[in-house]
Amino acid sequence: MARKLAVIGAGLMGSGIAQVSAQAGWDVVLRDITDEALSRGMDGIKASYDKFVSKGKLAEADAEAALGRITTTTELEAVADADVVVEAVFEKIEVKQEIFRALDGLAKDGAVLASNTSAIPITKIAAVTERPESVVGTHFFSPVPMMALCELVRGYKTSDETLASAREFAESTGKTCIVVNRDVAGFVTTRLISALVVEAVKLHESGVATAEDIDTACRLGFGHAMGPLATADLTGVDILLHATGNIYTESQDEKFAPPESMRRMVDAGDIGRKSGQGFYRH
Ligand SMILES: NC(=O)c1ccc[n+]([C@@H]2O[C@H](COP(=O)([O-])OP(=O)(O)OC[C@H]3O[C@@H](n4cnc5c(N)ncnc54)[C@H](O)[C@@H]3O)[C@@H](O)[C@H]2O)c1
């Protein structure tokens, strides 16, 4: 019998996780708070399957079968028979805690309760439940169908069994996992990109090198697909400012202190691709 997955949040990440999981044979129920959000999510999934089909990377029949395995709902009660629940709502601790409090009362015993948070400590999410041993981080990357990594994050009380089940789930969707053994703020990936972006911004603001040259150094010198400043423009300078600020607040480590020019860019609205201007003009 197909295993059951519930995904909470049909945004960019939730719909991507639903998409790759249905393709891997999971029966997926996708939950959001409005029908509009669910329609947007499903439209994105269909468009993505169509793209894979038109490129010859997915058979049309397999795409149709995968779509047939996804149902949508606005009712949280639909998580009741899920083996794995993945939460992918806004990056706000109060919103996530409210969902996990409810999941604790609704999900079946032994279900894996996972969060796709990119930086919130899993322990803080798990603490609102009576089963912190079942809570784990499954941090997928955007766009989910293309990015091969899943960062598994242990909370303070996450059990070995939960971690193993989360790994099994992520690997079933074709991802390679890394394990973060202690849920330090920013985990491994957000810490690494934050440290790199902060240093790149400092080099840029002090006139040591242009944005183009800093990015070229990382691309051609280190084989990065994209330089840190181009990455900041793509992700959103505001998002990275928020991430580095949180890591700095929690760690008090100066290397994560957001540089002044980054704060001023955000104040001025130059937040990257979505505003047309960041470190580059778009
Ligand atoms: N966007 C990225 O590149 C990226 C990468 C890795 C991890 N993340 C993390 O994934 C999570 C989701 O990010 P996203 O980019 O998909 O956000 P998004 O804004 O695209 O989607 C969030 C969705 O959650 C829904 N939602 C809000 N409250 C809800 C609730 N109570 N129940 C059900 N649905 C609810 C919203 O309606 C929306 O559809 C965040 O924690 C984010 O930090 C994002």
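Trainee: Why are Arg264 and Asp267 separated by about one helical turn?

Mentor: Because both are in helix α11 (residues 260-268) and stand three residues apart there, the separation comes to about one helical turn. This is a predicted model.

Trainee: What makes the pair Arg264 and Asp267 a salt bridge?

Mentor: The N to O distance between their side chains is 2.8 Å. The cut-off is 4 Å between a side-chain nitrogen of Lys or Arg and a carboxyl oxygen of Asp or Glu, so the pair qualifies.

Trainee: Is Asp267 buried or exposed, and how do you know?

Mentor: Asp267 has a relative accessible area of 58%. Exposed means over 50%, so the label is exposed. Arg264 has 45% and therefore counts as partly exposed.

Trainee: Which residues are joined into one network by salt bridges that share partners?

Mentor: Glu87, Glu91 and Lys96 are joined in that way. The count of salt bridges comes to eleven.

Trainee: How do you know that Glu168 forms a salt bridge with Arg3?

Mentor: Their closest N and O atoms are 3.1 Å apart. That value is within 4 Å, so the term applies.

Trainee: Why is this pair said to link distant parts of the chain?

Mentor: Glu168 is in helix α6 (residues 160-172), while Arg3 is in the segment before β1 (4-8), and the two are 165 residues apart.

Trainee: What makes Glu168 partly exposed?

Mentor: The relative accessible area of Glu168 is 48%. Partly exposed covers the range between under 20% and over 50%, so Glu168 belongs there. Arg3, at 36%, is therefore partly exposed as well.

Trainee: What makes Lys124 and Glu250 a salt bridge?

Mentor: The closest N and O atoms of Lys124 and Glu250 are 3.8 Å apart. Since the limit is 4 Å, the pair counts. Lys124 is in helix α5 (residues 122-126) and Glu250 in helix α10 (residues 237-251), 126 residues apart. Lys124 is partly exposed at 40%, and Glu250 is partly exposed at 44%.

Trainee: Why is Val237 called buried?

Mentor: Val237 has a relative accessible area of 0%. Buried means under 20%, so the word fits. Val237 is in helix α10.

Trainee: What is Val237 in contact with, leaving aside its neighbours within four places in sequence?

Mentor: Its contacts include Ala232, Met262, Met265, Val266 and Phe279. The C-alpha atoms of Val237 and Arg263 are separated by 8.8 Å, and these residues are 26 apart along the chain.

Trainee: How do you know that Val197 is buried?

Mentor: Val197 also stands at 0% relative accessibility. The cut-off is under 20%, so Val197 is buried. Val197 lies in helix α7 (residues 189-205). Apart from neighbours within four places in sequence, Val197 is in contact with Pro228, Ala232, Leu240 and Met262. From Val197 to Leu240, 43 residues along the chain, the C-alpha atoms are 8.3 Å apart.

Trainee: What makes Ser15 a buried residue?

Mentor: The relative accessibility of Ser15 is 9%. That is under 20%, so Ser15 is buried. Ser15 is in helix α1, and its side chain reaches the backbone oxygen of Gly11 at 2.7 Å. Outside its four-place neighbourhood in sequence, Ser15 is in contact with Gly9, Ala10, Gly41 and Ile45.

Trainee: Which members of the largest nonpolar core touch the most other members?

Mentor: Among the 35 residues of that core, they are Leu5, Val28, Leu30, Tyr49, Ile70, Phe140 and Phe169. A second, separate core has 22 residues, including Ala6, Ala111, Ala126 and Val135.

Trainee: Which residues are in contact with Leu30, leaving aside its neighbours within four places in sequence?

Mentor: Among them are Val7, Ala18, Leu38, Met42, Ile45 and Ile70.

Trainee: How do you know that the side chain of Asp32 makes a polar contact with the ligand?

Mentor: An N or O atom in the side chain of Asp32 is 2.7 Å from an oxygen atom of the ligand. The limit is 3.5 Å, so this is a polar contact. The distance for the Lys96 side chain is 2.8 Å, and for a polar side-chain atom of Asn116 it is 3.0 Å.

Trainee: How much of the ligand does the protein cover?

Mentor: The protein covers 78% of the 840 Å² of accessible area that the ligand has on its own. The ligand is surrounded by 20 residues, and the closest are Met13, Arg31, Asp32, Glu91 and Ser118.

Terms used. Residues numbered from 1 in each chain as written. Predicted model: local features only at pLDDT ≥ 70, side-chain atom pairs only at ≥ 80, totals over all residues. Heavy atoms only, no water. Core = buried A, V, L, I, M, F, W, Y, C linked by side-chain atoms within 4.5 Å. Buried < 20%, exposed > 50% of the residue type's maximum accessible area, 1.4 Å probe, protein only. Contact = heavy atoms within 4.5 Å. Helix = DSSP H or I, 4+ residues; strand = E, 2+ residues; numbered from the N terminus. Near = heavy atom within 4 Å. Polar contact = N/O pair within 3.5 Å; in protein donor to acceptor, adjacent residues only side chain to side chain. Areas by Shrake-Rupley, 256 points an atom, 1.4 Å probe, with all protein chains shown as cover.
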